[in-house]
Amino acid sequence: MSKKRAATGFKGLALAPVTQNDLVSYATDAGEALPFAGSMSRTTKESTTDLYYDDDLYAQIKNVMGEDVEIRVAEVPLARMAELGLGTFDTDTETLEADFNVSGKEYALRFVVDTVSGLPYYFNYRVFEMTGIRFDNFSTKKDSAAVCEVIITGVFKRPLMAGLAPWAVMQLKEDKSNQEACTAFLTATENKG
């Protein structure tokens, strides 16, 4: 009997700054974990072109332009924002001199999708172009504490390197023999080319 693979949620979110993205090479720094992931939504953007032949519908071509992505994280430590290149953190005053002009900043977006079977999938989207960061507040159920929620928006794109797939995925084996490799998949540096 095969194990159920239905997704039940996601966790283990990490962003790895892309350091090289051109026609001949692709590289990232190590992934920085964002441990308090709340939700992620994706909206497919596509354009459709109808081609006609003898007044009959001949073919329909879909050009997927990318996916709008919104990630909500309950909290991001200020030092972690600096590690992601979003400002400079002063350890003496514990102050982040932030620069949220994120236009053009590219990251690999990595995360774990839990399944009913307990054998999660580990995803690595190679190019996530950040388009914005904003803050919102929400209250927790238990003590009604206000939490500063960080909302990260961006677009999935293809790497420029010819032949490099836009994403990669691993799955934990039933005997969990590849657990170490799966965990490393989220934070490892990546070099192609």
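A nonpolar surface patch here is a set of Val, Leu, Ile, Met, Phe, Trp or Tyr residues that have over 30% relative accessible area and no salt bridge, with side chains joined within 5 Å. With that in hand, let's look around this structure, keeping in mind that it is a predicted model.

## A greasy spot on the surface

L23, V24 and L160 make a nonpolar patch of about 340 Å² on the surface. Take L160 as an example: you'll find L160 in the loop between strand 10 and strand 11 (167-171). Its relative accessible area is 49%, so L160 counts as partly exposed. That value is also over the 30% that a patch residue needs.

## Charged pairs

Now for the charges. How many salt bridges does the count come to? The total is 7. Here are three of them, with the gap between N and O.

| Pair | N to O distance |
|---|---|
| E32 and R80 | 3.3 Å |
| R72 and E70 | 3.1 Å |
| E129 and K157 | 3.1 Å |

Start with E32 and R80, whose side chains meet in a salt bridge. This pair links distant parts of the chain, as E32 sits in strand 3 (residues 32-33) while R80 belongs to helix 1 (residues 78-83), 48 residues apart. R80 itself is partly exposed, at a relative accessible area of 22%.

Next come E129 and K157, another salt-bridged pair. E129 is part of strand 9 (residues 121-139) and K157 is part of strand 10 (residues 146-157), so their contact ties together parts that are 28 residues apart in sequence. Are these two buried or exposed? E129 has 19% relative accessibility, so it counts as buried, because the cut-off for buried is under 20%. K157, at 36%, counts as partly exposed.

The bridge between R72 and E70 doesn't stand alone: salt bridges with shared partners join E70, R72, R134 and E149 into one network. As for how covered the first two are, R72 is partly exposed at 23% relative accessible area, and E70 is partly exposed at 22%.

## A hairpin and its turn

Let's move on to a pair of strands. Strand 6 (residues 87-90) and strand 7 (residues 95-98) run antiparallel and pair over 4 bridges. If you want a spot to check by eye, find T88, which stands opposite E97 in strand 7. Together the two strands form a hairpin with 4 residues between them. One residue to look at in that loop between strand 6 and strand 7 is E94.

What is unusual about its backbone? Most residues other than glycine have a negative phi. E94 is not a glycine, yet it has a positive phi of about 55 degrees. E94 is also exposed, because its relative accessibility is 57% and the cut-off for exposed is over 50%.

## Another positive phi

Where else does a residue other than glycine show a positive phi? Look at K176, where phi is near 60 degrees. K176 lies in the loop between strand 11 and helix 2 (179-187). With a relative accessible area of 44%, K176 counts as partly exposed.

## Putting it together

So what should you find when you turn the model around? There is the patch of L23, V24 and L160, and there are salt bridges such as the one from E32 to R80. There is also the hairpin of strand 6 and strand 7, with E94 and its positive phi between the strands.

Technical notes. Residues numbered from 1 in each chain as written. Predicted model: local features only at pLDDT ≥ 70, side-chain atom pairs only at ≥ 80, totals over all residues. Heavy atoms only, no water. Salt bridge = Lys/Arg side-chain N within 4 Å of Asp/Glu carboxyl O. Buried < 20%, exposed > 50% of the residue type's maximum accessible area, 1.4 Å probe, protein only. Patch = residues over 30% accessible without salt bridge, like charges linked within 9 Å, V, L, I, M, F, W, Y side chains within 5 Å. Areas by Shrake-Rupley, 256 points an atom, 1.4 Å probe, with all protein chains shown as cover. Pairing = 2+ DSSP bridges.
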